[in-house]
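Here is a short report on strand pairing, helix packing, one loop residue and a pocket. Follow it with the model open.

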Amino acid sequence: MNLTRLLCALCLLLTVPALAQSGSSFEGRILAAHNAERVRMGIKPLSWNPMLAAQAGVWARDLAARGAFEHSKNRFGAGENLWMGTSGRYAPEAMIGAFISEKQYFRPGKFPEVSSSGRWQDVGHYTQLIWAATSDVGCAMATGKGRDVLVCRYYPAGNMIGQPVP
């Protein structure tokens, strides 16, 4: 295990008490799902950011009410991942798991040349999730028109052209 992975594993161990305090809360489960993958990749865990979660909540409610699925143009320098599924059918871990499932097409390199398919869009959620410079995440879910909409905001944003992805 290299030093970076060892340090990241240590960081996760230090965050476990905070996750345990949040118990089985939506926020705790979402954060744990993100950080489990980041630690597997040897990347420092994210911190939960209530301001990002509040911003994500505004957008999630708007999307759910309209039955729309599109990125916000007002992200204030944050990256954004979106997920949508049948209302009440998916656990928070499955929602984040959809982003992580893109790992099958991921290859390390400089963004956007990071997909074995040749399309960065096939790994864009995953690369945002593992973006090493990203330190904070906040997510929110809203329900409307028979669907759950999850919006996750990441700060600072990832997927920057020409930057390396671990």
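β2 and β5 run antiparallel and are joined by eight bridges. This is a predicted model. One opposed pair is Gly85 and Asp148, the latter in β5. β5 also pairs with β4, again in the antiparallel sense, over nine bridges. There, Thr143 has Asp148 of β5 as its bridge partner. Asp148 thus appears in both pairings: opposite Gly85 and as partner of Thr143.

| Strand pair | Sense | Bridges | Pair involving Asp148 |
|---|---|---|---|
| β2 and β5 | antiparallel | eight | Gly85 and Asp148 |
| β4 and β5 | antiparallel | nine | Thr143 and Asp148 |

The β4–β5 connection is a hairpin with two residues between the strands. Lys145 sits in that turn, and its phi is positive, about 55°. β5 itself is mostly covered, with seven of its nine residues buried.

Next, the helix α4, residues 92–100. Which of its residues are buried? They are Pro92, Met95, Ile96, Phe99 and Ile100. These residues lie on the same side of α4 because they cover an arc of only 150° around the axis. Several elements cover them, including α2 (26–40) and α5. Strands β2, β4 (136–144) and β5 (147–155) are also among the covering elements.

After α4 comes a loop that leads to β3 (109–110), and Tyr105 is located in it. Is Tyr105 buried, partly exposed or exposed? Its relative accessibility is 35%, so Tyr105 counts as partly exposed; the buried class would require under 20%, and the exposed class over 50%. Tyr105 touches Val114, Ser115 and Ser116. Asp122 and Val123 are also in contact with Tyr105. These contacts leave out residues up to four places away in sequence. Ser117 is 12 residues from Tyr105 along the chain, yet their C-alpha atoms are 6.3 Å apart.

Last, the largest pocket. It holds about 250 Å³ of space. Two elements each give two or more residues to its lining: β2 (79–86) and α5 (124–130). The lining has 13 residues in total. Those nearest the centre of the pocket are His71, Glu80, Trp120, Gly124 and Asn159. By class, nine lining residues are polar, two are nonpolar and two are charged.

β2 and α5 link these topics. Both help to cover the buried residues of α4, and both contribute to the lining of the largest pocket. β2 is also joined to β5 by eight bridges.

Terms used. Residues numbered from 1 in each chain as written. Predicted model: local features only at pLDDT ≥ 70, side-chain atom pairs only at ≥ 80, totals over all residues. Heavy atoms only, no water. 1 Å grid on protein atoms, 1.4 Å probe; cavity = no way out; pocket = protein on both sides within 12 Å on 5 of 7 lines; lining within 4 Å. Points joined across faces, edges and corners; volume = space filled by probe spheres on them. Helix = DSSP H or I, 4+ residues; strand = E, 2+ residues; numbered from the N terminus. Nonpolar A, V, L, I, M, F, W, Y, C, P; charged D, E, K, R; others polar. Buried < 20%, exposed > 50% of the residue type's maximum accessible area, 1.4 Å probe, protein only. Arc of directions from axis to C-beta. Contact = heavy atoms within 4.5 Å. Pairing = 2+ DSSP bridges.
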